[in-house]
Amino acid sequence: MSLQFEKLCSLILLEHFGEIIQKVGNDLYKCQSKPLNLIVGSTKLPFQKVKQALRIMIQYGFVTFAEGQFPDKAEYTLLADKVILLLRYPRYLLLMKTQYGDEAEMLVEEILRRGQDTASSVIIRAATRLKESLKVEKVCLVTLHDKFSVLVNKQFLMRCPSPDEEKGVPVLTIKEKLLYLPPELNLKGLADIEEGKPGDPGDGGIYWRVNFDRFHQDFRDQIMVSAISRRCDDNAGELLKELLKQMYLRTEAWAATSNPVPFTELREAVRKQSSRPLLGQYIEQYLKVMEEDSSGFVSKVGDSSGGQYSINMKTAFVQLTWATIENIVMERFGSKGARIFRLVRAKKFVEQEQIQQVAMIPAKEAKLLTYRLLEENFLHIQELRKSLANNVPNKTFFLFHIDLNQVARMVLEMCYKALYNAMVRREHERSENRRMVEKQQRIESITLTMREQGATAEQLAEVGPANASQDHKTQQMEVC
Amino acid sequence: MAGRGRGGGRGRGRAAMSFSVEQLGFSPGEALPGPVLQPPPIYPPMENRPIPLQTGVEGEYMMALKRDFVEFLRDSPAFVTPVATKADIERYSDRYQVALANKNHGDLKFDWTRFPSELRPQARLTGKRKRRTKATEREAKLTKKSLDIVNRLDELEKKEEQQSDGEGGGEEAEGKEEEEEKEGEEEEGAMDDLEEEDLDEEMDEGTDYINSYFDNGENYLDEEDDNLDDGPIY
């Protein structure tokens, strides 16, 4: 991919998994796939450590293997996208917590911590952790098991492919219909294992992992709903949520446009949801507003059964991308720069003089901003020559235009670089303030114990003033 | 190409350049920005400060989650630590530190059928067997070498016996022979290193002292010898 991406992946691996895995990851990033011996040769790490590193990376899903040139010797490939996803784990867990509850969050967290695991061990570990955190005596295993099945049915968790036959390099496959089949667990066996007795929960060899795509789908929906809520109001957001739910019954998840949803069903669904009576009253008006809105989220595709509405995912996200990039331009170049950018977007191909005239910005400033935008690759130039000869003072037209794909990729690179810089800076701040942070922690623990023992306020103040500002800075760094 | 065009134009008698200064956008007489003499600064000054980070309850919660996750990974056996280089002296606390560091390493269990055979631990046995045969080959070579050396030493010994005291030479030869054996063991130990933990090379017989350092005092009386080859005498 790109240099920034590589550095970012490398840093993430270092932070989470340590030096050895970082080195192996770097090595695999550079080449498509490599067998074990070549990795050992180029990283110059001990053989055992490389084996360990590869095992762990396969477990967590960053590396896949396939049969290479020699039989029984596998070639390993790094999946860099999965490495970046490590940064999103807290968001996934937050989504789980808000939508499905603490137990679901705990289950998903346990699977994320281990990469892949059997359902029984996940449930047992989650039960132990819940017991500790909620300080309850007994956590019902049945509820956890039910929650697990719910998550599988909603496709948040999926089965890992398993090897067919015993070979040197196993080929992992799984049938489509088995992917989201909930496990059948022997609850008695589960209870036995929890108490420490040996028992068989009946699901050996079936491993589960998190289905990241499903989470991304949910994030996408959230983005769209919040965009509509900002644009119109909350009721419209609610309406879009209902529309999305209806859409999923009929369309596959990542289609560019959804299949049409008839109005009658939508109205039924909205009526069942009694939380917003206003929405039920004005549903038609809301739909009309959303349909005529320039953002193009929803469009009416037919008139049967009261109207057929469909959501245009692709157009919606193109619009959102434009909006994001315009905001970025505004933050970097000021509102005048943003005005120029919007102008070029609206007119598709503009000449320098036209920009000056239409944007109503003084000439020199307009030129300056235009060329700065060009320098930063937000604008592109298209030359139209009138003659091929170069020595004639020819009237070549220089037209400014925006190529959204290129600009979007460039902004993505900028994000990677910013993320990398932020992480490096955070490490730096952390190591610099390490002494301070440790002191702060010690003070906290001392005050806690003292408070438990009933110390007076003066004694607490004696222990030391909290260096709040330094600590706050360190915490800010960790936000990234 | 542009240069050539311009050069050709000049040759023909002052034809204008392919673009005029007006077209570029600067009216004549205005101050043009100066020549760029060095690469742009690495940290250019920002005109507009970025928007402050948004932290709310959710942000704090996610931060806590992330911290927990990273800490968990660091403590887990998934965090592969490089082989620690040995300190110059073995310290008493090393025994306990190593125990602490290795405490979690047994936890991570893998389902070996899902991994390629070369990554499985059973592969070690075949590796070991191969290594063992290689080791025995090397050992054979070493013993041959040491035999050669022993032979050479015997010859030297005889020469020295002819020159000076026989006992001193004999001792040297013995010392050298033991050193060679030590080296042979050390090499094997180094190869086994790859499979197992480091064999402490100096701890073969429960002491810190390399046997060749040991001077059992028999040379004490033979001070007349020119013992240039002996190790440092403590």
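At the start of α12(A), which residue has a side-chain oxygen that reaches to within 3.1 Å of the backbone nitrogen of Asn235(A)? The residue is Asp233(A), whose side-chain oxygen comes within that distance of the backbone nitrogen at the start of α12(A). The structure is a predicted model, and the points below take up several helices of chain A before turning to chain B.

**Helix α12 of chain A**
- Helix α12(A) covers residues 234-250, and because a helix is expected to advance 1.5 Å a residue, its 17 residues should span 24 Å, which agrees with the 25 Å that separate its end C-alpha atoms.
- Many names appear among the buried residues of α12(A), including Asn235(A), Ala236(A), Gly237(A), Glu238(A), Leu239(A) and Leu240(A), and further along the helix Glu242(A), Leu243(A), Leu244(A), Gln246(A) and Met247(A) are buried too.
- Asn235(A) therefore appears twice in this picture, as a buried residue of α12(A) and as the residue whose backbone nitrogen is reached by Asp233(A).

**Helix α19 of chain A**
- Helix α19(A), made of residues 404-432, has 29 residues and reaches 41 Å from its first C-alpha to its last, which is close to the 42 Å expected at 1.5 Å a residue.
- The buried residues of α19(A) are Leu404(A), Val407(A), Met410(A), Val411(A), Tyr416(A), Tyr420(A), Met423(A), Arg426(A) and Glu429(A).
- In general, an α-helix has 3.6 residues a turn, so residues three or four places apart point the same way.

**The packing of α3 and α4 in chain A**
- Two packed helices are described by the angle between their axes and the distance between the axes.
- Helix α3(A), residues 36-43, packs against helix α4(A), residues 47-59, at an angle of about 120°, and their axes lie 10 Å apart.
- That angle makes α3(A) oblique to α4(A), and the crossing of the two helices is right-handed.
- On the α3(A) side, Leu36(A), Asn37(A), Ile39(A), Val40(A) and Thr43(A) take part in the meeting, while α4(A) contributes Phe47(A), Val50(A), Lys51(A) and Leu54(A).

**Gln217 of chain A**
- Gln217(A) belongs to helix α11(A), which is formed by residues 212-231, and Gln217(A) counts as buried because its relative accessible area is 8%, and buried means under 20%.
- Leaving aside residues up to four places away in sequence, Gln217(A) touches Tyr248(A), Ala253(A) and Trp254(A).

**Chain B as a whole**
- Chain B contains six helices and zero strands, and along the sequence its pattern reads α-α-α-α-α-α.
- Of the 234 residues of chain B, 18% count as buried.
- Among contacts in chain B between residues at least 6 apart in sequence, 57% join residues that are at least 24 apart.

Notes
Residues are numbered from 1 along each chain as its sequence is written. Chains are lettered from A and ligands numbered from 1 in the order in which they are written. This is a predicted model: local features need pLDDT of at least 70, side-chain atom pairs count only at pLDDT 80 or more; totals for chains, interfaces and linings use all residues. Side-chain values use heavy atoms; hydrogens and water are left out. Helices (H or I, at least four residues) and strands (E, at least two) are DSSP runs, numbered from the N terminus. The expected span of a helix is 1.5 Å times one less than its number of residues. Buried means under 20% relative accessible area, exposed over 50%, partly exposed in between (1.4 Å probe, protein chains only). A polar contact is a pair of N or O atoms within 3.5 Å; within protein, one must be able to donate a hydrogen and the other to accept it, and residues adjacent in sequence count only if both atoms are side-chain atoms. Axes are lines fitted to C-alpha atoms, for helices over the stretch in contact, and angles run from 0 to 180 degrees between N-to-C directions. Angles under 35 degrees count as roughly parallel, over 145 as roughly antiparallel, 65 to 115 as roughly perpendicular and the rest as oblique. A crossing is left-handed if the near helix is turned anticlockwise from the far one by less than a right angle, and right-handed if clockwise. Contact means heavy atoms within 4.5 Å.
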